[in-house]
Each structure stands twice: as C-alpha cells, then as structure tokens.
Amino acid sequence: MTYAIGIDVGGTFTDIVVSAAGETIIAKASTTPADQSDGVLAGIGLAAERLGLTTADLLRQTARIVHGTTVATNAFLEGKTARVGLLTTAGHRDVIEMREGLKPERFNLRMTPPTPLVPRRLRLPVTERIRYDGSVETPLDRASLEAAIATLKAENVGAVAICFLHAWKNPAHEHAAAEAVRAALPGVYVTTSFDVLPQIKEFERFSTTVANAAVGPVIERYLGRLRGRLEEAGYGGELLVILSHGGVASVTEATRLAAGTALSGPAGGVAACVALSRSGLAQDIIGFDMGGTSTDIAVVRGGVPGLSGDKSVANARIALPSLDIVTLGAGGGSIGHLDRSGLLAVGPESAGAVPGPACYGQGGTEATVTDANLVLGFLDPANFLGGRRTLDRDASAAAVARVGDALGIGVEDAAGGIHRLVNSRMADGVRVATVRRGVDPRGYTLLAFGGAAGLHITAVASALGVGRVAVPIAASVLSAWGMLNTDLRVELSRSVSQTGALDTKALGAAYAEMEEEGRARLSWFGGEVATVRSADMRYGEQVFEIPVGLDGVDLSDAAAIAERFHAAHEALYTYALRDQEVVLVNARLSVIGRLPSVPQAAAADRPDAPAKGTRRVWLGGWTEIPVYDFLALGNGQTVAGPALVESDTTTVLLRPGDRARFDRGGWLDVAVG
C-alpha cells in the first residue's frame, strides 16, 4: 500500500493526515516550538501506531509528504530573523524605511514608525544605475561593490538582499553582484529582487526581497533538518511545502522563495475549502479555521480563492501572490483577562502549546477559551484526543473563577462571557473578510474546521445571519488534508513597459519566457504540467490594478485583452469605462504540476446511531443534552439541537433551533436556528 501524508504545524498541535486507498488516518501531537520537526516526527509516529506499523515502515511506503509550517511566520513575529545586509543603488538605501510615504494607520497619531528588517548601517550603496527602459546609465562599479561586501563580511551577516533600481527590467547588475557576494561570502544566503519579485514599484520589490533574505536561512536550516530526519527515519520521496499562494513546491523552491512560506500553515485550510467546493459542498464558501492560537478566515467565490499581493507579517511587507486570509488572535488557547479598563477581554495573547490551557496540567494558570468551554460542559475531559490526554476541569474552574472574582460574577457566567466574547470577535473577523469587501456573507456556507471551531461556529453564523454551516468529519485536521489536495505551483510575473498601445508582441514574449522558466523549475516532476495566464491591469489614470484572467484570449488581440479587463472591472465595481485607456502593468503565469487528490472519508450507509449518552452543559443554565458519536452517524442522519456531536479530536455544539444532517460527502450540514 502507498501512503500520502499531510502535515500542518499549528500553534498548539501538529496535525497529521495519512491517506491510502480511500482510508484516512489522523493524528495530533503537541507542537514543539523550539524545533517543529520534533512534533512532526512524533505525529507521524502516532499515525503509524494507529495503522499498526512502525514509523520506518510507514515512511518507506509513503510516496508524498506535504508540509505546512509556521517557521517563517514565527521568525517574523518573534524577531528571530537572520542578520541581513542590503546592497542597493547609491542614493536608494532608505527605500525600505521611507516605505510609500504613508503610515499603515494614517490617523493613529501615536503610532511609531515600523522598524526596518535591515538597520541603516547594513544598507550599503553600490555605484551603478539601470534606467527605466533597461539601458545602463552607470556601469556596475566593482570597487564600490567590493567595499560593500567587505563591510558585510566584517559585520558577519547571515543573508544578503540585492535590490538595484529598475532591476526588474534588466537584472544584469544584480546577478553580477550576487555572483561576487557568493564568491566572497560562502555559506551566506543570497537573494536578488529580480529572482524574488521582478515587478515595478520599488518599495514592494525591495521589501519583499529583504523579507526573503530575513527568513531564508531560517527556512533553509529547518527544512534541511526536517528532510534529513525524515530520510533517516526511512522516507525516500520528495518533501513538498505548501506556499502562501496555496500551491506546493519542493524544498529547493521553498528555500529559494522563503518569504512565500509566510502563510504556509493557513494555506492548507483554503486548499481544503477549494477541494470541498469541487466535491459539491458549495460554490461560495467562507473558510473558518479556529485552532489553538488563532482563527483564519478566507473567502472562496465560485470555487476560486482570492489572491492578494499586499500582505504584511509583523513589519515585513510581502508582495508575493498570497491567499487572501484574515487572521485573528482568537483560538482555543486565547486568554481571557481584564483589560486596562477593567472589562473582560479575550486574546490576542495565547497560552500556546507550552504551557497551554490550565486544564492541560502543564503549568498553565490563565483562563483560556478551552478552559471556559470545559467549565461549560462542552468538552468531555476524559475523551480529549481520544483519551490520550485527560483534561483537569478543576484547574479550568479555578482559572476561570479568578476572572469571575475580578468581575464579581460566578464561574459559569465568567466562562459564558469568555465564550460569547470570542464568538463576537470572530464574527467581526468574518465581517472584515466579507462585508468590508463588498461581500454579503448570508449567501455563503460557513465551513468550520480546526479543533476548536465546532463549539463556536453556529453562534458565529447566527450573529452574521448565515443560515448554513458545514463541519467535516476531519475538521480538526482539515488543513493537513487540504495540503494533499493541491498541486505543485510556480507563480511568475513580469512587469510590462507600456506607453500608448499595448505591445502584444512583447507581451507574448513575456509569457513565453515565464513558461520556459516555470517548466524548468518543475523539470524534476514527471507528471502533467498546465499553465494559467493572468495580468494586473488598470485604467490609465488609476493608481491601482486588478487581477484579470487571460486564459483563452488571443495574446495578439489587444482589443480582446482590454475587453477582459473591462468585464473584470465591471464585475468588481459595477461599471466599466470602455472609452478609457487600458494599461497592462504585470503579466502573470501560474505553472501547475498536477498531483493526485485525496478523498475525504464519506458517510457510511448504516442505520441512524442513537445518542451515546447525555452531558450536563451550561446554556444560560444547566441542562442535560444528548451526545452523539460523529464517527457513528449514518448517511443522512439528522440531529436536532441542543446536542453535542463529538469525535476524538473535535466537538460540534448544536444550539437550540439548530438542525444537522450528516451528508454523504462526509460533513455535518447544519441549518442554523
């Protein structure tokens, strides 16, 4: 039997999905922040146990491993990036500090300027100049380059970013400088702006390249260590890494484009949303991934996820194509506390994997969302992770009681307050991802996944006026499952110089060049390779672009390309200006290597399962409600709220008025009361 393994490293748990011949095995291990590979190997070991195999036997029979990691994200958030030096055109060393001349929060008078990833003394000028049209105005001065490299060597930098003016049009000087740096500083991570983001807009190009240099050594060390440990344990296949755009890449490509892993973890959840959309769940989905430390929200319209080139992680602006995900500091480990005004607040601080919620018995004393849910009776303390961990309800009650005492209320009311407040925060997060962007969430299906989502999703849906919720049977590990249902993907872009009419010949040449490069990067892959064309376009007097799909358009027909833009603009903003000049700014190409998908476990045709028991829960008062085994439900079985539907790794709370049906596709389909 041949297996495929998906690995999603979260803030609290590392999720493992092992799939073969239609059978899916899941496992959860504690995340190990000091070295994520420890948690990965532990999770694979648990999955092997469930299959009756040794870790070595499982890995020897595995053809594909896809990994989602938060290593880059954590490095940015914790300030544990590499020591970076920047080589740039003389006179332009302050581009990354001046940014775009605007504050991220324009009306925040107390906002301090973001700290650049490279201090000014390590931003070194090099005498050279490429003009906007790619011609050389000032040749690369070797003496100034060698002096800058000598300074970086003396400063013992771990990475070097090379960003020259207009290098997107002509990278000759950048490539020559990179060659010199590699010769003088062996072992140092070197990256150029042309190889990272060959587009106009200096700040975005410079900032993204610097971010790539900052996490490049971190990612290189981690993925090298993980790949080595997997090989030692018996794995002989390719380790793939999911990137921020939702596609997967080899370790070599993920290391080269390290900044592209900044949203690696959440990307798997969006890939799962797309896969379930294709399987018939719904065309329009709001993905709601609530884990231990955060909640990630993404919108899928017509089965297609939104992409953005305007993402920031901590102070790092990353303009690479990324899935459009809204992240909140609200998860099962989020801490309930009193703010400076004496009011109840939840998050963004989290208890994380260590020490974790008070009920974990690992030294945590703060009241978390998980502690509140345990106090309210929503969780079975004896069946957490299938009984591998017993939750300490008394510890949860003591932690929550301290919050209640400070507010002058009882423990149940304090727990209920934490539960309702985090629901309100998450509903606001969905509004940010939808209403603020012109999307009415009421026409969408809320897809709930992540270990903590099931206890909160129907309350969030009710607050938003959303009538339908779906909770997959593999909800707690759906991001890891989604990673096994996406393809190899190389995203390429080229800025197109346009003065007057579109030069269709130059555009065709740009796409041909990108396709050649993309296929070369996937040359190791022996499967089917496809391409998808798009472009960033705008009207002549606009200062922002919108994405426009160009598949099926004759690239020699400028009028047809313009009409595609008019139609896209009209769909987005309800109007088009067909008498206005149309400008194509960036040509984009996705080169895709098709990988086999992995089905989700389907509902079995069997008699309806009776409730396995009852539990006393707090719904404004204590009441006994039935508890159903998620894995025992039959195809089409209905469950009316109030009730709990639980498995080893997730629990769904149906509130009064909710009605759920177990769909053949493998999800609980809830009509929200």
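Here are some numbered notes on this predicted model, for someone opening it for the first time.

1. Start with a pair of helices. H12 covers residues 393-407 and H13 covers residues 411-433, and the two pack with their axes 8 Å apart at an angle of about 90 degrees. That angle makes H12 roughly perpendicular to H13. If you want to find the contact on screen, look for Ala397, Val400, Ala401 and Gly404 on the H12 side. On the H13 side, the residues they meet are Val411, Ala414 and Ala415. Sorted by type, the residues of this contact come out as six nonpolar, one polar and no charged.

2. Next, the inside of the protein. The largest nonpolar core has 131 residues, and the members that touch the most others in it are Phe288 and Leu668. Helix H13 turns up again here: with eight residues, H13 gives the most to this core. Apart from this core lies another one, of 85 residues, which includes Ala75, Val181, Ala316 and Ile318.

3. Phe288 deserves a closer look. Which residues does Phe288 touch, once those up to four places away in sequence are set aside? Its partners are Thr295, Asp296, Ile297, Met426, Val430, Leu446, Leu447, Ala448, Phe449, Ala453, Ile457 and Val460. Two of the names to pick out there are Met426 and Val430, since H13 runs over residues 411-433.

4. Helix H3 is a good place to look at burial. H3 spans residues 71-78, and its buried residues are Val71, Ala72, Thr73, Ala75 and Phe76. Ala75 is also one of the members of the 85-residue core. Among the elements covering the buried residues of H3 are two helices, H1 (36-51) and H8 (202-233), and two strands, E17 (311-313) and E18 (316-318). Just after H3 comes Gly79, with a positive phi near 70 degrees.

5. What about cysteines? A search through the whole structure turns up zero disulfides. Two cysteines you may want to click on are both tucked away: Cys163 counts as buried, at 0% relative accessibility, and Cys273 is buried too, with a relative accessible area of 2%.

6. Now Arg661, which sits in strand E34 (residues 659-662). Is Arg661 buried, exposed or partly exposed? At 35% relative accessibility, Arg661 counts as partly exposed. Leaving out neighbours within four places in sequence, Arg661 is in contact with Gly636, Gln637, Thr638, Trp667, Leu668 and Asp669. Leu668 may ring a bell, as one of the two residues named for touching the most other members of the 131-residue core. Looking further away, Gly236 is 425 residues from Arg661 along the chain, and their C-alpha atoms are separated by 42 Å.

7. Asn485 shows how sequence and space can part ways. Asn485 sits in the loop between helix H15 (478-483) and strand E25 (488-495), and at 14% relative accessibility it counts as buried. How far is Asn485 from Ala275 in space, C-alpha to C-alpha? The distance is 6.5 Å, although the two are 210 residues apart in sequence. Beyond its neighbours within four places in sequence, Asn485 has contacts with Ala275, Ser597 and Val598.

8. There are cis peptide bonds to check before moving on. The bond from Gly347 to Pro348 is cis, with omega near 0 degrees, and Pro348 lies within strand E22 (residues 344-350). The bond from Gly641 to Pro642 is also cis, with omega near 5 degrees. Pro642 belongs to the loop between strand E31 (638-640) and strand E32 (643-646).

9. Finally, some backbone angles on residues that are not glycine. Asn156 has a positive phi of about 60 degrees and lies in the loop between helix H5 (142-154) and strand E9 (159-163). Asn156 is exposed, with a relative accessible area of 62%. Thr574 has a positive phi of about 75 degrees, and its place is the loop between helix H17 (558-573) and strand E28 (582-593). Thr574 is exposed as well, at a relative accessible area of 68%.

Definitions and conventions: Residues numbered from 1 in each chain as written. Predicted model: local features only at pLDDT ≥ 70, side-chain atom pairs only at ≥ 80, totals over all residues. Heavy atoms only, no water. Axes fitted to C-alpha atoms, helices over the stretch in contact; angles between N-to-C directions. Helix = DSSP H or I, 4+ residues; strand = E, 2+ residues; numbered from the N terminus. Parallel < 35°, antiparallel > 145°, perpendicular 65-115°, else oblique. Contact = heavy atoms within 4.5 Å. Nonpolar A, V, L, I, M, F, W, Y, C, P; charged D, E, K, R; others polar. Core = buried A, V, L, I, M, F, W, Y, C linked by side-chain atoms within 4.5 Å. Buried < 20%, exposed > 50% of the residue type's maximum accessible area, 1.4 Å probe, protein only. Disulfide = S-S within 2.5 Å.
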